[in-house]
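Here's a quick look at the pockets, the confidence and one helix of this protein. Have the structure open while you read.

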Amino acid sequence: MQSIDKSLFNKISDDQKSSEFIARPVVTYWSDAWRRFKKNKLALISLIILIILTVMVIIGPMLTPYEFNQMVGAKNQTPNAQFWFGTDNLGRDIFTRLWRGGRVSIIIGIAGALISTVIGSVYGAISAYFGGKVDTIMMRIVEILISIPYILIVIILRLALGTSGIGTLILAMTITGWCGLARLVRGQILSLKEYDYIKAAQVLGVSNKDIVLKHLLPNTLNVILVSISFDVPGYIFSEAFLSYLSLGVQPPETSWGAMVSAAQSYFQFYPYQLLFPALMIALTMLSFTLLGDGLRDALDPNLRR
């Protein structure tokens, strides 16, 4: 056999070896989702608006020297240099009350959405994972709860607890508010539990709790995040509707819905009193809805390139 001349070969350094690989940055699922989210201009603008609103409900009441429930001027003043958004029928500064009310509305929206997310995601995951009779019974419970009007629950809780504070509203709305997400998560888990990595975890003796919490629920995170972005405006609108019916927060506390309810009698003469809180409700709900659309598109793995 003819020998190969070793002089035809040259040794290369480690640096030269790296040139054999295509230089490309590692793109993770979340970095790719953020890249696609930034391309959605409406969703990005909505996120900026929500950040501004969140900052304002925190610092807004501090920008004026007035308390939100303090009578500081003449009644029903139009917007002016002293009272930027005018005063209401009791002489209270609307600007201060607007951001104080926004703080209550957004707290109710976020807290309600988070509570519903935790309960609904865990409930739906357990129902789908165990299946059979467990799934049938748990879904029948969901159907019964969905059929109960939340206004009826609010009235019953107000009578039973003797209070109509923020805690009562959140409790009343979340008793049935988690049912929709439970159905969504259940549908996702029914398909995920047939995957090989779940069956491998079962063969290896991983507990049911760890399979649900560490393997199944994290893979439904895109559905959960999108659901949160749609649930928050839903809870804000529900609170506004209840306050409009005088079933929401009660004086001296206020919210955007309570301000709209109080201003409706004077709308014909002082429309600005209703305009500002109604505009905040509409802007917040629209921003969360557009943000949810953007998240749904960005987190969809089928759109990843």
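## The largest pocket

Let's start with the empty space: the largest pocket comes to about 380 Å³ in volume. Keep in mind that this is a predicted model. Rolling a probe the size of a water molecule over the atoms is what shows where empty space is left.

The lining of this largest pocket is made up of 21 residues. If you want to centre your view, go for Arg-92, Arg-97, Ala-258, Met-259 and Ala-262, which lie nearest the pocket's centre. Two helices, α4 (94-130) and α12 (256-263), each put at least two residues into the lining. Of the contributors, α12 gives the most, with five residues. Chemically, the lining of the largest pocket splits into nine nonpolar, eight polar and four charged residues.

## The second largest pocket

Next up is the second largest pocket, with about 210 Å³ of space. Its lining includes Ile-146, Ile-148, Tyr-150, Met-173, Thr-176 and Gly-177, and also Cys-179, Gly-180, Asp-231, Gly-234, Tyr-235 and Ser-238. Three helices give two or more residues each to this lining: α7 (166-177), α8 (179-192) and α11 (221-244).

Which element has the largest share of the lining of the second largest pocket? That's α11, with four residues. By class, the lining of the second largest pocket has six nonpolar residues, five polar and one charged.

## A look at helix α5

Helix α5 (residues 132-146) makes a neat geometry check. With 15 residues at 1.5 Å a residue, α5 should span 21 Å, and its end C-alpha atoms do sit 21 Å apart, so the two agree.

Which residues of α5 are buried? They are Asp-135, Met-138, Met-139, Val-142 and Leu-145. Looking down the axis of α5, these buried residues fall within an arc of 115 degrees, so they line one face of the helix. The general rule behind this kind of pattern is that an α-helix has 3.6 residues a turn, so residues three or four places apart point the same way. Over on the other side of α5, Lys-133, Ile-137 and Ile-144 are exposed.

## How far to trust it

The average pLDDT for the protein is 83, and 91% of the residues score at least 70. Confidence is highest in helix α3 (residues 41-59), at a mean of 92. At the other end, helix α1 (residues 14-18) has the lowest confidence, with a mean of 53. Where pLDDT is low, the predicted coordinates should not be read in detail.

Definitions and conventions. Residues numbered from 1 in each chain as written. Predicted model: local features only at pLDDT ≥ 70, side-chain atom pairs only at ≥ 80, totals over all residues. Heavy atoms only, no water. 1 Å grid on protein atoms, 1.4 Å probe; cavity = no way out; pocket = protein on both sides within 12 Å on 5 of 7 lines; lining within 4 Å. Points joined across faces, edges and corners; volume = space filled by probe spheres on them. Nonpolar A, V, L, I, M, F, W, Y, C, P; charged D, E, K, R; others polar. pLDDT = per-residue confidence, 0-100. Expected span 1.5 Å × (residues − 1). Buried < 20%, exposed > 50% of the residue type's maximum accessible area, 1.4 Å probe, protein only. Arc of directions from axis to C-beta.
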